[in-house]
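Student: I am new to this structure. Can we go through it in short steps?
Tutor: Yes. Ask away, and keep the view open.

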Amino acid sequence: MDVTQAKQEHLLALKVMRLTKPTLFTNMPVTCEDRDLPGDLFGLLMKEDPSTIKGAEGLMLGEMLTLPQNFGNIFLGETFSSYISVHNDSTQLVKDILVKADLQTSSQRLNLSASNSAVTELKPECCIDDVIHHEVKEIGTHILVCAVSYTTQAGEKLYFRKFFKFQVLKPLDVKTKFYNAETDEVFLEAQIQNITTSPMFMEKVSLEPSVMYNVTELNTVACGEDGASTFGKMSYLQPMDTRQYLYCLKPKPEYAEKAGVIKGVTVIGKLDIVWKTNLGERGRLQTSQLQRMAPGYGDVRLSLEMIPDTVNLEEPFDIVCKITNCSERTMDLVLDMCNTRSIHWCGVSGRQLGKVSPSASLSLPLKLLSSFQGLQSISGLRLTDTFLKRTYEYDDIAQVCVICPYMSREG
């Protein structure tokens, strides 16, 4: 913290101190074996040391607290607290004292003073105290500007100020990845790394979705009535450690029915992260709105609403397809079913599906069978828009596991 000294002598003295919580006192225990020359001398000295824990003198942590010896680090998302004191060092009565505290960042100047009204008078050896708080929301250089104006007994108006410069550091490194499912679901992976020099307790990591989505957290495992966290009971994040949080987002029904709404860049939501550090000091970060480029489905989207996990070899099985018109025009669709080497469709090809309005969809039950075992890819569907004579082919729609019911498990 840099302080600029006043160039002239003033009747008032300004002191500014940062308010932080103390830390546990640590000592370096010195031990030796009984057969060594000191014998039990070191053990007796540690038992007499008031900073050690009785019965556990060998631990580095003690029962005493240590006040901060320096300004320390300030991290983004924490609350900066400072104590401001103006003391009358003179033998004169000082009038109309106004103390103002501003915080200058790279983008703005904030007034942190609790009151902007002047104190009528300040007697000798008396002081004016104030405590300011500010949740730090920007990284980089910050300057606390403290200004004091007052009037002497002779009526002279005097003014001085001091500057306190400090750096705000980044506590967490947050990276996000999006994964698109076969359905309209979107999976968000958030990687959070502790880039400070001390461990932190992760109190909450949640995703606040936008109005278009519902969110489900996938960071718990089923354990009795209540789910247990995948990170265990003690949610500590050590320095330079990284955790992955997973969320599933699904469009709300009113938006999922409108295929044209979820196109291009869509806003997913924002992460809300709350943590605690030394002796419960809390920090909080909210990311900016996370955006995702929605996958392009073309004019017509074909997806599966129902498909069995396992089917029998050469036995027909049912699937349900969903056809959605993603364009801005009405289509008249015809369905063609083309057999592949392993997949054989049952039914009439060239079926008329009728007109489909923009953003509308229809469910289409189909029947097929597989002539090969193993994991088979469902392909061979083709849609034709008779209005524009435009054809859309769909291969690798999904995969299904085909087994032989007559083959024994041992075989």
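Student: Is F80 buried or exposed?
Tutor: One caution before the answer: this is a predicted model. A residue counts as buried under 20% relative accessible area. F80 has a relative accessibility of 2%, so F80 is buried.

Student: How many aromatic pairs does the structure hold?
Tutor: Rings pair if their centres lie within 6.5 Å. By that rule, the number of aromatic pairs in the structure is three.

Student: Are the rings of F80 and F166 stacked or edge-to-face?
Tutor: Look at the planes. Under 30 degrees apart counts as stacked, over 60 as edge-to-face. The ring centres of F80 and F166 are 4.9 Å apart and the planes sit at 25°, so the pair is stacked.

Student: How many residues apart in sequence are the parts that F80 and F166 tie together?
Tutor: F166 is buried too, at 4% relative accessible area. F80 belongs to strand β6 and F166 to strand β12. The pair therefore ties together parts whose separation in sequence is 86 residues.

Student: Are the rings of F201 and Y236 stacked or edge-to-face?
Tutor: F201 is partly exposed at 30%, and Y236 is partly exposed at 42%. Their ring centres lie 5.6 Å apart with planes at 65°, so the pair is edge-to-face.

Student: Which residues touch the most other members of the largest nonpolar core?
Tutor: That core has 48 residues. V148 shows how such contacts look: leaving aside neighbours within four places in sequence, its contacts include L14, V86 and F160. The residues that touch the most other members are L12, I97, L144, V148, Y150 and M202.

Student: Which strands stand at the edges of the open sheet β29-β27-β32-β33?
Tutor: The sheet has four strands with antiparallel pairing. An edge strand here has a single partner, so one side is left without a neighbour in the sheet. The edge strands are β29 and β33.

Student: Which residue in β33 stands opposite L381?
Tutor: Strand β32 covers residues 381–385 and pairs with β33 in the antiparallel sense over five bridges. Opposite L381 in β33 stands Y394.

Student: Which side chains of strand β34 point to one face and are buried?
Tutor: The side chains alternate along residues 398–403. Q399, C401 and I403 point to the other face and are not buried. The buried ones are A398, V400 and V402.

Student: Do β31 and β34 run parallel or antiparallel?
Tutor: Strand β34 also pairs with β25, through three bridges, and those two run parallel. Between β31 and β34 there are five bridges, and S377 stands opposite Q399. The sense of β31 and β34 is antiparallel.

Student: Which residue forms a salt bridge with R109?
Tutor: Side chains of opposite charge can pair when their charged atoms come close. For R109, which is partly exposed at 44%, the closest N and O atoms are 3.3 Å apart. The partner is buried at 7%. It is D102.

Student: Which residues are linked with D299 in a network of salt bridges?
Tutor: D299 and R390 meet at 3.1 Å, N to O. D299 lies in the loop between β23 and β24, and R390 in strand β33, 91 residues apart. The residues linked with D299 in the network are R329, D385 and R390.

Methods:
Residues are numbered from 1 along each chain as its sequence is written. This is a predicted model: local features need pLDDT of at least 70, side-chain atom pairs count only at pLDDT 80 or more; totals for chains, interfaces and linings use all residues. Side-chain values use heavy atoms; hydrogens and water are left out. Rings of Phe, Tyr and Trp (its six-membered ring) pair if their centres lie within 6.5 Å; planes under 30 degrees apart count as stacked, over 60 as edge-to-face and the rest as tilted. Buried means under 20% relative accessible area, exposed over 50%, partly exposed in between (1.4 Å probe, protein chains only). Two strands pair if DSSP finds at least two bridges between them. A nonpolar core is a set of buried Ala, Val, Leu, Ile, Met, Phe, Trp, Tyr and Cys residues joined through side-chain atoms within 4.5 Å. Contact means heavy atoms within 4.5 Å. A salt bridge is a side-chain nitrogen of Lys or Arg within 4 Å of a carboxyl oxygen of Asp or Glu.
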